[in-house]
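Subject: Structure handover

Dear colleague,

I am passing on the structure below for your own work, and after it you will find a summary of what was computed from it. Please read the summary alongside the coordinates.

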Amino acid sequence: MMHVTKHFHHIKIQLEAITSATNNFSEDNCIGKGGFGEVYKGELIHSERQTVVAVKRLNRAFGQGDPEFWKEIIMLSRYKHENIVSLLGFCDESGEKILVYEYASKKSLDLYLNSEDLTWIQRLKICIGAARGLAYLHNPGGTQQRVLHRDIKSSNILLDENWNARISDLGLSKFGPANQQITFLVSNAVGTIGYCDPVYVETGVLTKESDVYSFGVMLFEVLCGRLYNCIGKGGFGKVYKGELIHSKGQTMVAIKRLNSAVGQGDPEFWTEIIVLSRYKHENIVSLLGFCDESGEKILVYEYASKKSLDLYLNSDDLTWIQRLKICIGAARGLAYLHNPDGSQQRVLHRDIKSSNILLDENWNARISDLGLSTFGPANQQITFLVTDAVGTFGYGDPVYFKEGVLTKESDVYSFGVMLFEVLCGRLCIRNNNDKHQPLARQCYEQNKVKEIIFRNIKDEIKARSLKAFTAIAYQCLKEDLEERPLMTKVVRILERALEHQQGDANSPTDYDSDDEDIVESDVSTLDGGTSRNYVKEKRLTMNMRLKKLRERVKKQQEEVEEKASTFTDSFFHYN
């Protein structure tokens with residue numbers, strides 16, 4: 001290694017100069033993150049002039065290390081082409097390993113795939129530039145060896161101010177004999193899911209054609225305006241579509257890949273595994289497996305071909321009956337989490353929203369994304385857990401966000417928001433100043449609900465179906481926790497709304513007592529009766545109730561943690 005360092009001494013840059021250029025790796029200077037680590041923008045004196053540079057700082061937690069660091073230096077010092085990113089220098093000092101490149105002001109191609117400003121001619125020119133760069137790596141001039149990149153993808157195609165393409169990230173590349181028709185290298189498969197050559201992944205046999213396959217994926221991305229095989233992004237990372245050999249044979253799956261830079265990490269990863277391994281229901285997404293290897297954290301689910309509910313809120317093809325059935329399925333799934341069978345603990349989801357309701361080919365609903373969920377004692381009338389508020393703006397229970405007090409009724413509130421989304425045909429929030437919950441409540445209270453119904457279903461909704469649906473949705477949004485319904489009641493009333501819509505012969509001609517309980521929600525008890533002893537507490541203000549109930553929190557939390565710990569120990573012992 002000393003010999004390698006000496007060979008490249010002429011491009012070595014002092015750490016002091018780099019820290020000064022990046023303002024000591026300030027977060028404000030961070031312009032991206034990848035498999036190597038964070039990338040920062042800065043200014044350095046290079047070739048006797050002030051130069052804007054990109055500084056890539058090794059973070060070993062991301063999975064790469066010394067081999068990739070030195071390989072990138074060797075490759076970019078030896079292989080120079082106008083369509084390959086230029087390495088200006090490196091730093092290997094005080095435990096830091098840093099690469100310094102020319103700055104690509106337009107960043108990477110993946111950011112522009114769905115851009116309306118990128119014309120077809122510009123897209124073609126970018127593809128041609130990237131193709132020239134890869135062709136040079138495969139067949140360099142002189143007697144140099146061929147380079148197999150192994151990670152060609154749109155995020156590794158950088159763009160300068162003139163939209164010229166530069167291939168980057170050669171840390172995973174390998175040498176092979178040049179000037180031969182076929183190059184075979186048996187190697188452990190590396191690269192990015194969705195781009196990798198299936199032959200390489202299945203056999204471990206690498207050829208230059210493996211790069212060609214990845215390049216073809218990228219070409220279709222440019223044509224289609226979206227990432228290939230990437231079917232979504234969320235708080236955990238990106239989700240990919242794929243096929244795996246599973247217990248049922250060749251199975252279509254959804255693969256969720258952790259990107260710690262997005263904000264979630266190990267706790268959410270393991271929470272999702274534990275919850276979905278223990279709580280199984282036809283209206284909760286099925287976890288098929290996971291991967292925790294080589295710095296990767298990946299969850300593998302059954303594939304929901306219709307993706308998520310939010311994509312269909314304003315769809316002309318989704319009828320009122322279909323919408324009702326989706327809501328009923330989601331309600332059944334949430335009711336199960338709140339009151340699971342046997343002695344299992346209650347699960348509070350904490351992020352119920354239309355984008356977390358997945359739909360299979362038959363439009364059956366599946367609750368997903370349980371990474372933020374938490375356990376609470378089951379079979380109790382009230383579950384209070386004091387916790388830092390998490391969730392999605394616009395869906396969160398105001399009591400939870402204001403007081404930090406989480407109950408199952410917090411999920412009920414979020415579900416009510418989603419019900420009004422289904423009715424109105426739009427997301428609950430389009431920007432920070434545009435929420436429809438207050439409008440929905442106001443329209444309900446003023447008997448003007450018809451003014452906010454999605455235009456394409458307005459004429460098909462029967463009056464009794466609408467009355468039952470809006471009444472229960474409105475009750476879910478009640479400010480007083482105790483006036484919000486149980487999810488079992490939500491299921492029952494939504495089922496009745498469906499009966500009214502379908503004109504079931506067994507459906508009552510008028511509302512029965514349960515319907516009246518909902519409509520008269522201002523005076524109703526939580527579940528249409530007086531079995532719950534809330535009368536005394538209803539006379540108290542919210543602050544007084546919280547003060548009284550918080551006295552139970554510490555003991556309850558200890559019980560929850562003890563049960564969760566017992567389950568976790570047994571889960572990992574079993575596996």
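To begin with the enclosed spaces, there are five cavities of 30 Å³ or more, where a cavity is a set of points, on a 1 Å grid over the protein atoms alone, at which a 1.4 Å probe fits but cannot get out. The second largest cavity has a volume of about 70 Å³, a volume being the space filled by probe spheres set on the points, with grid points joined across faces, edges and corners. It is lined by 13 residues (those with an atom within 4 Å of a point), of which R350, G396, D397, Y400 and S414 are the closest to its centre. Helix α10, residues 408-424, contributes the most to this lining, with three residues; helices (H or I, at least four residues) and strands (E, at least two) are DSSP runs, numbered from the N terminus.

This is a predicted model, in which local features need pLDDT of at least 70 and side-chain atom pairs count only at pLDDT 80 or more, while totals for chains, interfaces and linings use all residues. Residues are numbered from 1 along each chain as its sequence is written, and side-chain values use heavy atoms, with hydrogens and water left out.

Overall, the protein has 18 helices and 22 strands, and of its 575 residues 51% are buried, meaning under 20% relative accessible area with a 1.4 Å probe and protein chains only.

Turning to the open spaces, a pocket is an open set of points with protein on both sides within 12 Å along at least five of seven lines, and the second largest pocket holds about 1,000 Å³ of space. Of the 41 residues that line this pocket, I231, G232, K233, G234 and V239 are the closest to its centre. Strands β12 (230-233), β13 (237-246), β14 (249-258) and β16 (296-302) each supply at least two lining residues, and β12 gives the most, with four.

Finally, UniProt, in an unreviewed entry, places the feature "binding site" at G32, K33, G34, G35, F36, G37, E38, V39, K56 and K256; its positions are given in the numbering used here, feature names are shortened, and annotations may be inferred rather than shown by experiment. From this set, K256 is taken in by the lining of the second largest pocket. G37 lies in strand β2, residues 37-46, and is buried, with a relative accessible area of 1%, while E38, also found in β2, is buried with a relative accessible area of 14%.

Best regards

Terms used: Buried means under 20% relative accessible area, exposed over 50%, partly exposed in between (1.4 Å probe, protein chains only).
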